[in-house]
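Colleague: I am new to this structure and would like a close look at one part of it, namely the enclosed space that is second in size. Could you describe its lining with care, and then work outwards from there to the surroundings?

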Amino acid sequence: MANATPGDTVRVRFCPSPTGNPHVGLVRTALFNWAYARHNEGTLVFRIEDTDAARDSEESYEQLLDSMRWLGFDWDEGPEVGGPHAPYRQSQRMDIYQDVAAKLIDAGHAYPCYCTTEELDARREAARAAGKPSGYDGTCRDLTDAQKQAYEAEGRSHIVRFRMPDEATTFTDLVRGEITVQAENVTDYGIVRANGAPLYTLVNPVDDALMEITHVLRGEDLLSSTPRQIALYKALIELGIAKTTPQFGHLPYVMGEGNKKLSKRDPQASLNLYRERGFLPEGLLNYLSLLGWSFSADQDVFTIDEMVAKFDLADVNSNPARFDLKKAEAINADHIRMLDVKAFAAACEPWLRAPHAPWAPEDFDAAVWEAIAPHAQTRLKVLSEITDNVDFLFLPEPVFDEASWTKAMKEGSDALLTTARAKLEAADWSSPEALKEAVLAAGEAHGLKLGKAQAPVRVAVTGRTVGLPLFESLQILGKDRALARIDAALAKLAA
């Protein structure tokens, strides 16, 4: 069963740790959980897994909330929303985990392990040398009270280990189908540190149980922990703490450069990078949804509402998905075009002000921006590109880009510019088409086609060889300023 059947209650969770900047793999996981909940009219629980005091930070916590809001995700239970299973920060639930750990020990599902790190390492090496599995060998599984007291007398501390059943674990993954893991490959594992702090292996399933999560959709890197968690669920059900075991679906890896798994350390993994470059949330989410899921065979661009309406776990692919920045930009460009002009103009505003804008605030002309915006909208891949595309309109003189100047100002450019200036001065500046005809005529006078003829004019007026539609740009800049810039370019060529 991929999607839930009518009448089923779907409860999924997104449970990041507040460690560093959010990354796109995390966003993809959040997106799939959110879309699954919304498609099935279910509940999304937003939970913060912040039990690692050494790595977690309040700054990262605030970044997570801000990122979720920016992406447009809403959640039904969690921080700032509350809910029947509060609190939703694990750092505020420590007494719950201590109580559950004690119950697991009392029921014989867990036990204290006094093995030192050195002893564990030595036994693992010996097992590897003998060609045997190198997981925990069960040394402390059945200690007598006298043995425990002897270890305590030595001053040894202990962790708490969960006792895995001596049988294979079989479950049906919602993405990968039936999976069986043999008992020798999943040995007893730690759930509480020696200092009493609970581990992820305990807190994650306990919270899923208490918050009645029905479907766990997470990354493939956590697949190996699933047999452990299923065994823990059975124990929690026996103790009356859990009602059922959730269904699991493991999402494919996102691969980066060199066909390696995209990690938090990869620059292109940072969500902040895409925000700073001016990706639209809708464009980024559209692209991320394609990393392991397919809308249809012939359509890559769609709205988030369309995705939610069609989202089905049966369409999630188990094969690794490669992150392609160029495709992400192309899809984002499509979403920029989908905006109405007013929404586009508003979205660009952060890049039209300090610190991004190189012009003085008083030189920005709202009417000029309103006039150029429709032409800019057709050219951008990301919103941050707007600054360089319109700076010629608001700077006293165009930027000097040496590469553009060298490329456009070939031998004979002065003669061409002189002719173009004369024809532009006589042209009708109320019509971009008339300005095009003027430059075309200037080119013909020198044996040049329009593409060659307009390059020196574009660089003289805008400073760059590439930019917005030239003749609309000339009209919006205005006759006097445009001709003055051609004069300045002629003076530079003469010098």
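Modeller: In this predicted model, the second largest cavity is lined by Phe14, Pro22, Leu26, Val27, Ala30, Leu64, Ser67, Met68, Leu71 and Leu271. The space inside that second cavity comes to about 60 Å³, and by class its lining divides into nine nonpolar residues, one polar residue and no charged residue. Two helices, α1 (residues 24–39) and α2 (residues 58–71), each supply at least two residues of this lining, and α2 provides the largest share of it, with four residues.

To place this cavity among the others, a search of the whole structure finds three cavities of 30 Å³ or more, and the largest of them has a volume of about 70 Å³. The walls of the largest cavity are formed by Asp388, Asn389, Phe392, Arg458, Thr462, Arg464, Val466, Gly467, Leu468 and Ser473. Here the elements that give two or more residues are α14 (386–394) and α18 (450–462), with α14 giving the largest share, three residues. The class make-up of the largest cavity's lining is three nonpolar, four polar and three charged residues, whereas that of the second largest cavity includes nine nonpolar and no charged residues.

Returning to the part you asked about, helix α1 also takes part in the lining of an open space, the largest pocket, to which it gives the most, with four residues. This pocket has a volume of about 1000 Å³, and of the 42 residues that line it, the closest to its centre are Ser17, His23, Leu26, Asp221 and Leu222. Leu26 therefore appears in the lining of the pocket as well as in that of the second largest cavity, since a lining residue is one with an atom within 4 Å of a point of the space in question. Besides α1, the elements that each supply at least two residues to the pocket lining are β1 (11–14), α6 (200–210) and β8 (215–219). In contrast to the second largest cavity, with no charged residue in its lining, the pocket is lined by 16 nonpolar, 12 polar and 14 charged residues.

Helix α6, which helps to line that pocket, also holds Asp207. Asp207 counts as buried because its relative accessible area is 0%, below the 20% limit, and, leaving aside its neighbours within four places in sequence, it is in contact with Arg47, Gln90, Arg93 and Tyr97.

The two helices around the second largest cavity are also followed by loops that deserve a look. In the loop between α1 and β2 (43–46) one finds Glu41, a residue other than glycine with a positive phi, near 50°. Most residues other than glycine have a negative phi, and most peptide bonds are trans. Glu41 is exposed, because its relative accessible area of 76% is over 50%.

The loop between α2 and α3 (94–106) contains Asp76, which at 33% relative accessibility counts as partly exposed. Not counting residues up to four places away in sequence, Asp76 touches Arg38, Gly42, Thr43, Leu44, Val81 and Gly82. Further along, Glu80 is also found in the loop between α2 and α3, where it has a positive phi of about 70° although it is not a glycine, and with 59% relative accessibility it counts as exposed. Pro87 belongs to this loop too, and the peptide bond that joins Ala86 to Pro87 is cis, with omega at about 0°.

A second cis bond is found from Ala354 to Pro355, with omega near 5°, and Pro355 has its place in the loop between α12 (341–348) and α13 (366–377). To summarise the part you asked about, the second largest cavity is a space of about 60 Å³, with nine nonpolar residues and one polar residue in its lining, and α2 gives the largest share of that lining.

Methods:
Residues are numbered from 1 along each chain as its sequence is written. This is a predicted model: local features need pLDDT of at least 70, side-chain atom pairs count only at pLDDT 80 or more; totals for chains, interfaces and linings use all residues. Side-chain values use heavy atoms; hydrogens and water are left out. On a 1 Å grid over the protein atoms alone, a cavity is a set of points where a 1.4 Å probe fits but cannot get out, and a pocket is an open set with protein on both sides within 12 Å along at least five of seven lines; lining residues have an atom within 4 Å of a point. Grid points are joined across faces, edges and corners, and a volume is the space filled by probe spheres set on the points. Ala, Val, Leu, Ile, Met, Phe, Trp, Tyr, Cys and Pro count as nonpolar, Asp, Glu, Lys and Arg as charged, and the others, Gly among them, as polar. Buried means under 20% relative accessible area, exposed over 50%, partly exposed in between (1.4 Å probe, protein chains only). Contact means heavy atoms within 4.5 Å.
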